[in-house]
Amino acid sequence: MPRNRPDGKLEALRGVPLFAALNKRELASIGQIADEIDIPAGKELIREDEPGRQFFVVLEGEAVVRRKGRKINAVGAGDFLGEIALLSNRPTTATVTTTTPIRLAVITRTNFSKLLRENPGIQLSLLKTLAERLPN
């Protein structure tokens, strides 16, 4: 069952580079659409080559990232995954499986798209952030 702890969740969201340019009010709007969920160890969060539908920020716990069956990374508190799913319909590039019980802040693409339609200021901030990340 989703539980929301605004302080820890907002602090974690603030650490996501995609949200770096957002002001406090805009970040709070992101926090309102991010549900906190607890997932047991051994559960697949994302499956490689499937459509991405959610963005995850790890609040507690750990997960392993595999591409073509090979471990390429481990993620823990403060890490995030699935950000491309918020912005595109591209298939996911890796499988992510929890290795410990994990608490996540989860944003669905549907809720994120709705938030952007209703908040042009957030759209503009995100565009600026993405533009700054493009190579020169």
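Partly exposed means a relative accessible area between the buried limit, under 20%, and the exposed limit, over 50%. Gln54 has 32%, so Gln54 is partly exposed. This structure is a predicted model. The briefing covers Gln54, Thr92, the largest pocket and an open sheet.

**Gln54**
- Gln54 sits in strand β3.
- Its relative accessible area of 32% makes Gln54 partly exposed.
- Leaving aside neighbours within four places in sequence, Gln54 contacts Leu81, Gly82 and Ala85. Val106, Ile107 and Thr108 are also in contact with Gln54.
- Arg133 is 79 residues from Gln54 along the chain. The C-alpha atoms of Gln54 and Arg133 are separated by 22 Å.

**Thr92**
- Thr92 belongs to the loop between α3 (83-87) and β7 (95-98).
- Thr92 counts as buried because its relative accessibility is 15%, and buried means under 20%.
- The Thr92 side chain comes to 2.5 Å from the backbone oxygen of Arg47.
- Not counting residues up to four places away in sequence, Thr92 touches Ile46, Arg47, Glu48 and Asp49. Glu50, Pro51 and Gly52 are touched by Thr92 as well.

**The largest pocket**
- The volume of the largest pocket is about 560 Å³.
- The lining has 28 residues, and the closest to the pocket centre are Ile46, Gly82, Thr92, Thr93 and Ala94.
- Elements giving two or more residues to this lining are β2 (44-46), β3 (54-60), β4 (63-67), β5 (70-75), β6 (80-81) and α3.
- By class, 14 lining residues are nonpolar, six are polar and eight are charged.
- Thr92 is thus named twice: among the residues closest to the pocket centre, and as a buried residue.

**The open sheet**
- Four strands make up an open sheet, in the order β1-β8-β3-β6. Their pairing is antiparallel.
- Strands of a sheet pair through backbone hydrogen bonds.
- β1 (35-39) and β6 stand at the edges. Each has a single partner strand, so one side of each lacks a neighbour in the sheet.
- β1 and β8 (residues 102-108) run antiparallel and are joined by five bridges.
- Ile39 has Ile102 in β8 as its bridge partner.
- β3, the strand that holds Gln54, stands between β8 and β6 in the strand order.

Notes
Residues are numbered from 1 along each chain as its sequence is written. This is a predicted model: local features need pLDDT of at least 70, side-chain atom pairs count only at pLDDT 80 or more; totals for chains, interfaces and linings use all residues. Side-chain values use heavy atoms; hydrogens and water are left out. Buried means under 20% relative accessible area, exposed over 50%, partly exposed in between (1.4 Å probe, protein chains only). A polar contact is a pair of N or O atoms within 3.5 Å; within protein, one must be able to donate a hydrogen and the other to accept it, and residues adjacent in sequence count only if both atoms are side-chain atoms. Contact means heavy atoms within 4.5 Å. On a 1 Å grid over the protein atoms alone, a cavity is a set of points where a 1.4 Å probe fits but cannot get out, and a pocket is an open set with protein on both sides within 12 Å along at least five of seven lines; lining residues have an atom within 4 Å of a point. Grid points are joined across faces, edges and corners, and a volume is the space filled by probe spheres set on the points. Ala, Val, Leu, Ile, Met, Phe, Trp, Tyr, Cys and Pro count as nonpolar, Asp, Glu, Lys and Arg as charged, and the others, Gly among them, as polar. Two strands pair if DSSP finds at least two bridges between them.
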